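Work through the exercises below with the sequence and the 3D structure open beside you. Try each task before reading its solution.

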Amino acid sequence: MKVILNQPVIDGRVKAIASKSHAHRVLIGAALSDKITRVVCEESSDDIRATVNCLRSIGAIIEEIKEGYMVTPIDFKNISKHITIDCNESGSTLRFLLPLLCSIDAETDIYMQGRLPNRPLSPLYEELIEHGASISKQGIVPLRTKGCIVSGEYVLPANISSQYISGLLFVLPLLSGDSKITLTQKIESKSYIEMTIDALRIYGIEVQWEDNVICVKGNQKYISPSEVIVEGDWSNIAFWLGAAAINDREISCYNLKFDSLQGDKAMLDILQDMGVDIIYESYDTVILKKNGLNGTVIDANNIPDLVPILALVASVSRGCTKIINAERLRLKESDRIESVVNTLSNLGANIEETEEGIIIYGKEELDGGVVDSYNDHRIAMMASVAAIVCKEAVIINNAEAINKSYSSFYEDYKKLGAEITFE
């Protein structure tokens, strides 16, 4: 799908869709619980559907309802001896479910699409094998697993992917003995680990995290709270927050939880530091007004998903902005450092990449032009928002990449007043 935007002028209200990150976690918790759980998740995406379909393949019965899903948990006593799942392109789905699959006395074929087979699983891969799993060679589809992991000490560097740690946290409480996860290296994306621990608590699972060690008691049971409501998504609303920062009219964003553990709520603080006026209108609504934007230093350590939209905002800010500690972006749906730099450069930004980040020299406006999504949802959305500050039209090829996390993105853009041509 090709999308054409010609300097849209937008205003109005936009609702934060259901959080993909939160939905993955509460759906898995529901599938591991003792009884049916109603998961209120009013919007879906390719990644959420990947987790739903994989949980169904493992044995959960998941019914789609108007408000989200009714989840009947997996009956582990009658589980199939051969399981086939398809994670599509969802890294969260793969990394969250791999330890669970390695704890089941069954053979599993794991299918993956797009760039996912080439995204790393080490050192989680080696730790699972060390604790009793048999897993086929990385990079080959399907990835095959067999065997039952045991409790004990798992050692993982915390600077590669928080998803490895979250995946273990889902399954270790179910094992017969106590376990601990020892974290080495600097802890990155800490908020995502905290999100997992919070989701576990919803289902009555307790873990203790002190310094670099997470202790998990074995023989715990997931207890359904009957209903869980998925939070609004700070990662995706960030694109409208960024749009407001560079737009001449006010935009208000609602369905937000200001005490959320989602790390990407830091978008508000960063924009405020750059000069955006922010008004908290109610318990779940914020209004943003464009003001003089200034360059800054942005540490992407705990907010990697914000880098594309922040790079766009920086490209029309006064002075220089440096985005640092962003190395892990090279392992996303695209090499996201390279794709951000190439895309914004093609649109006229003064931007360059470093080994571990991006440097942007702001200017008053961008030019416009033809770009590609790199099959990366956040690149497609960044380029679409960029049209607000481009003199000429922005044409985005393969814009359907938005479906990975935000299928209704262009519908919301049109509600805000944008005229969009689809080809």
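The exercises that follow concern a predicted model.

**Exercise 1. An aromatic pair**

Task: Classify the ring pair of Phe96 and Phe170, and state which parts of the chain it ties together.

Solution.
- Step 1. Begin with the total: the structure has 10 aromatic pairs.
- Step 2. For Phe96 and Phe170, the ring centres are 5.6 Å apart and the planes stand at 65°. Centres within 6.5 Å make a pair, and planes over 60 degrees apart count as edge-to-face. The pair is therefore edge-to-face.
- Step 3. Locate the two residues. Phe96 belongs to helix H3 (residues 91–101) and Phe170 to helix H5 (residues 162–171), so the pair ties together parts that are 74 residues apart in sequence.
- Step 4. Check the accessibility, with buried meaning under 20%. Phe96 has a relative accessibility of 1% and counts as buried. Phe170 is buried too, at 2%.

**Exercise 2. Other aromatic contacts**

Task: Find which residues are linked into a cluster by ring pairs, and find the charged side chain over the ring of Tyr254.

Solution.
- Step 1. The cluster consists of Trp240, Tyr406, Phe409, Tyr410, Tyr413 and Phe422, linked by ring pairs.
- Step 2. Over the ring of Tyr254 sits the charged end of Arg13, 4.2 Å from the ring centre.
- Step 3. A further case is Lys190, which lies over the face of Trp209 at 5.5 Å from the ring centre.

**Exercise 3. Helix H11**

Task: Is helix H11 largely enclosed or largely open? Identify the residue that caps its N-terminal end.

Solution.
- Step 1. Count the buried residues of helix H11 (residues 377–386): 10 of the 10 are buried, so the helix is largely enclosed by the rest of the structure.
- Step 2. Among these buried residues are His377, Arg378, Met381 and Ser384.
- Step 3. Look at the N-terminal end of H11. Asp376 caps it, with a side-chain oxygen 3.0 Å from the backbone nitrogen of Arg378.

**Exercise 4. Three salt bridges**

Task: For the salt bridges Asp47 with Lys404, Lys81 with Asp105 and Lys289 with Glu250, give the distance, the location and the accessibility of the partners.

Solution.
- Step 1. Recall the principle: side chains of opposite charge can pair when their charged atoms come close. In this structure the count is 23 salt bridges.
- Step 2. Asp47 and Lys404 meet at 2.8 Å, N to O. Asp47 is in helix H2 (residues 46–58), and Lys404 is in the loop between strand E23 (394–397) and helix H12 (409–415), so the pair ties together parts that are 357 residues apart in sequence. Asp47 is buried, at 3%, and Lys404 counts as buried at 6%.
- Step 3. Lys81 and Asp105 meet at 3.3 Å, N to O. Lys81 is in the loop between strand E5 (68–72) and strand E6 (82–86), and Asp105 is in the loop between H3 and strand E7 (107–111), so the pair ties together parts that are 24 residues apart in sequence. Exposed means over 50%. Lys81 is exposed at 54%, and Asp105 is exposed at 52%.
- Step 4. Lys289 and Glu250 meet at 3.3 Å, N to O. Lys289 is in strand E17 (residues 285–289), while Glu250 is in the loop between helix H7 (234–246) and strand E15 (251–254), 39 residues apart. Lys289 counts as partly exposed at 30%, and Glu250 counts as partly exposed at 40%.
- Step 5. Finish with a network: salt bridges with shared partners join Asp305, Arg336, Asp376 and Arg378.

**Exercise 5. The largest cavity**

Task: State the volume of the largest cavity, and find which helix gives the most to its lining.

Solution.
- Step 1. Rolling a probe the size of a water molecule over the atoms shows where empty space is left. Three cavities of 30 Å³ or more are found in the structure.
- Step 2. The largest cavity has a volume of about 450 Å³. It is lined by 30 residues, of which Ser92, Arg119, Gln163, Asp305 and Lys332 are the closest to its centre.
- Step 3. Helix H1 (20–31), H3, H5 and H11 each supply at least two lining residues. H3 gives the most, with four residues.

**Exercise 6. Ser317**

Task: Is Ser317 buried or exposed, and where does it lie?

Solution.
- Step 1. Ser317 is in the loop between helix H9 (307–315) and strand E19 (320–324).
- Step 2. With a relative accessibility of 1%, Ser317 counts as buried.
- Step 3. A polar atom of the Ser317 side chain lies 2.8 Å from the backbone oxygen of Val313.

How values were computed:
Residues numbered from 1 in each chain as written. Predicted model: local features only at pLDDT ≥ 70, side-chain atom pairs only at ≥ 80, totals over all residues. Heavy atoms only, no water. Phe/Tyr/Trp six-rings, centres within 6.5 Å; stacked < 30°, edge-to-face > 60°. Buried < 20%, exposed > 50% of the residue type's maximum accessible area, 1.4 Å probe, protein only. Lys NZ or Arg CZ within 6 Å of the ring centre and 35° of its normal. Polar contact = N/O pair within 3.5 Å; in protein donor to acceptor, adjacent residues only side chain to side chain. Salt bridge = Lys/Arg side-chain N within 4 Å of Asp/Glu carboxyl O. 1 Å grid on protein atoms, 1.4 Å probe; cavity = no way out; pocket = protein on both sides within 12 Å on 5 of 7 lines; lining within 4 Å. Points joined across faces, edges and corners; volume = space filled by probe spheres on them.
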